[in-house]
Number of protein chains: 2
Amino acid sequence: MKAEILRGGEMVVDDVPDPVPGEGQVLVQTKACGICGSDLHAAKHADRMVEMTKDAVESAGGGATSMFGFDTGRDLVMGHEFAAEVLEVGPGAAGVSQGQTVVSLPVVADQRGIHAVGYSNDYPGGYAERMLLSAGICLPVPNGLDTVHAALTEPMAVGLHAVNRSEIAPGTAALVFGAGPVGLAVIAALRMKGIEPIVAADFSARRRELATTMGADEVIDPREEPAIDAWRRVDGRHPLVIFEAVGVPGVIDQAMRAAPSQTQIMVVGVCMETDHMQPFMGITKELTVKFSMAYDPMEFASTLQSIADGELDVDPLVTGTVGIDDVPQAFADLANPDAHAKIVVQP
Amino acid sequence: MKAEILRGGEMVVDDVPDPVPGEGQVLVQTKACGICGSDLHAAKHADRMVEMTKDAVESAGGGATSMFGFDTGRDLVMGHEFAAEVLEVGPGAAGVSQGQTVVSLPVVADQRGIHAVGYSNDYPGGYAERMLLSAGICLPVPNGLDTVHAALTEPMAVGLHAVNRSEIAPGTAALVFGAGPVGLAVIAALRMKGIEPIVAADFSARRRELATTMGADEVIDPREEPAIDAWRRVDGRHPLVIFEAVGVPGVIDQAMRAAPSQTQIMVVGVCMETDHMQPFMGITKELTVKFSMAYDPMEFASTLQSIADGELDVDPLVTGTVGIDDVPQAFADLANPDAHAKIVVQP
């Protein structure tokens, strides 16, 4: 089958072996798969990503992170934000049937363990025509929801998880640094939770516009007004959670410097470089810096339901669709924040 | 009156004006005053401390930190861990009487606001013969408790606050990096809360011995065994809170690298330099880094009660007592962790 492959640091289109469903697995046809910032990062810095993940896994004492190791010397088909149609139900697989449209957490199990779909050498991700999924965790897409929108379940669940993990509740304000796909998912989740005001900061006019669409009450260009000043202007009296959704060095430090006393900073932007900060800022203001990753299965399922119910309108986030051949160009296009939020691949 | 003064970056003994109690204040005779690591830091880096505090205060939006500014060009009498005897009850002051032994949060109020006793140019701290305190927040020392022990209320309350702020409860293990006065106070508070195991790491044999005395179940020299390995050896199955009580650059990063998934790192050691970390470690393991400072009035009062009741034995922490003239030598002696934990000044 045809796939977009990360091979020796290059993105190439080539054929890979047709996947055959094993015990408990289903073969699906990829209908839509969003391009994630992590994929852009992996395409450029796969070695570093694998090395850092290995370090983290070893120190974590196992757990969910242990599935993310892959061999950068072998082909990798990425893509973990997908919706797909069931083509074939494998031996012992139950709960889904042929022809059904499904989404799934991007993991698949076999006798060797659990593998990250999109970051495994053995299981191709959504930048391929077909994938293998575990039947037991596939979720049928309800309400005839379009597959492009269903594919946004995964990135939107990331925002919901960060918001849940912050334990923010009405009466607390939110300041979101960065309105890329992660920041926008956070804003949408904050809006669904009834948080106000939601103040968002981004350098890109297009992204600020999307932030407003997704539910931000106030958006600012940090070149014109510091984000914290904007929050003080429109609120300044509630407790505050700052969501760091930029993921470049220096932003956590900025958030710690800007934060009022007792503020929680929720880091959801993925920074893979060494970063700096002033512990004294944290101490004198008794800050809390929490880090958030991914989501749990309930958050994933509830996000799908919110999208299917129309409570969460993800349509504005989809700024482009491409075929497999155009993935490299899409990767390049995503470097321009004014042009795109989410590009969805339709193999 | 005689005082140990920080003057132009030097510690000198000289006379300062006799304090006169204002409205609501009491004049007290300092009986005992512990030397705190922050004082050692201020004696060396007062300008930087004031500048960083100013930055923090401005960004904090006011609050408790706003009282810590002082003018490094003027005399400063430090000392904020004190017990004292009431000499004179000022106008309108109530609740304490002459001859009573008291401790107090190291703050004093007047018509201009609240001042940090020990970090104010206007109110001398405990390295002087006499001080002014606010009658309303003085706590009588119960049970005839010795003033040297009563003076340890303040540093021990710092440990209690960090432990309270972590929300640790039985069923969760604790790993304490650093067994200086702050780490030892944390260990004592963990013990009172029934936490086990408590694993403590310090390079100094003397401090490891004190850690055991204060309640650590296992102590290790990190040159011989990584602290996290010691915890895995003696426990390794409970959730974990890591208390960072070292306060030098790199230790937060070490804690983040060592931590298992979902670990909370409570930073209570005061690092006044720029520090570094790997956000990716925080993200993949969903760590929480909380910063802790000082204590609240209830924690202060309950610490005094614990010491007076004998529940908290602080005697082992007092490794020396000196007069005002010997404070500079005591500052020098405290640089050797194998020689001292807490030196108490008896003016």
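Which residues is T172(B) in contact with, leaving aside its neighbours within four places in sequence? I put this to the model, which is a predicted one.

**Entry 1: T172(B)**

I located T172(B) in the loop between α3 and β10 (173-177) of chain B. Beyond the neighbours within four places in sequence, I listed its contacts as I195(B), E196(B), H238(B), P239(B), L240(B) and V241(B). I then looked up its accessibility: the relative accessible area is 16%, and T172(B) is therefore buried, the cut-off being under 20%.

**Entry 2: helices α3(B) and α4(B)**

I turned next to a helix pair in chain B. Two packed helices are described by the angle between their axes and the distance between the axes. For helix α3 (residues 153-166) and helix α4 (residues 181-192) of chain B, I noted that the axes come within 7 Å and cross at roughly 60°. I therefore entered α3(B) and α4(B) as oblique to each other. Their crossing is right-handed. On the side of α3(B), I recorded P155(B), M156(B), G159(B), L160(B), A162(B) and V163(B) as making the contact. From α4(B), the contributors are L184(B), A185(B), V186(B), A188(B), A189(B) and L190(B). Sorted by class, this contact has 11 nonpolar residues, one polar and no charged ones.

**Entry 3: aromatic pairs**

I counted six aromatic pairs over all chains. One of the pairs I examined joins Y127(A) and F331(A): the ring centres are 6.2 Å apart and the planes stand at 75°, so I classed the pair as edge-to-face. Y127(A) lies in the loop between β7 (113-116) and β8 (130-134) of chain A, whereas F331(A) belongs to helix α10 (residues 327-333) of chain A, so the pair ties together parts that are 204 residues apart in sequence. I found Y127(A) buried, with a relative accessible area of 0%. F331(A) counts as buried at 11% relative accessibility.

In chain B I examined F70(B) and Y119(B), whose ring centres are 6.1 Å apart and whose planes are at 25°, so this pair is stacked. It links distant parts of the chain, 49 residues apart. F70(B) sits in the loop between α1 (37-60) and β4 (81-89) of chain B, and Y119(B) in the loop between β7 (113-116) and β8 (130-134) of chain B. I noted both F70(B) and Y119(B) as buried.

**Entry 4: helix α7(B)**

How many of the eight residues of helix α7 (residues 251-258) of chain B are buried? I obtained six, so the helix is largely enclosed by the rest of the structure. The buried residues of α7(B) are V251(B), I252(B), D253(B), A255(B), M256(B) and A258(B).

Note on methods:
Residues are numbered from 1 along each chain as its sequence is written. Chains are lettered from A and ligands numbered from 1 in the order in which they are written. This is a predicted model: local features need pLDDT of at least 70, side-chain atom pairs count only at pLDDT 80 or more; totals for chains, interfaces and linings use all residues. Side-chain values use heavy atoms; hydrogens and water are left out. Axes are lines fitted to C-alpha atoms, for helices over the stretch in contact, and angles run from 0 to 180 degrees between N-to-C directions. Helices (H or I, at least four residues) and strands (E, at least two) are DSSP runs, numbered from the N terminus. Angles under 35 degrees count as roughly parallel, over 145 as roughly antiparallel, 65 to 115 as roughly perpendicular and the rest as oblique. A crossing is left-handed if the near helix is turned anticlockwise from the far one by less than a right angle, and right-handed if clockwise. Contact means heavy atoms within 4.5 Å. Ala, Val, Leu, Ile, Met, Phe, Trp, Tyr, Cys and Pro count as nonpolar, Asp, Glu, Lys and Arg as charged, and the others, Gly among them, as polar. Rings of Phe, Tyr and Trp (its six-membered ring) pair if their centres lie within 6.5 Å; planes under 30 degrees apart count as stacked, over 60 as edge-to-face and the rest as tilted. Buried means under 20% relative accessible area, exposed over 50%, partly exposed in between (1.4 Å probe, protein chains only).
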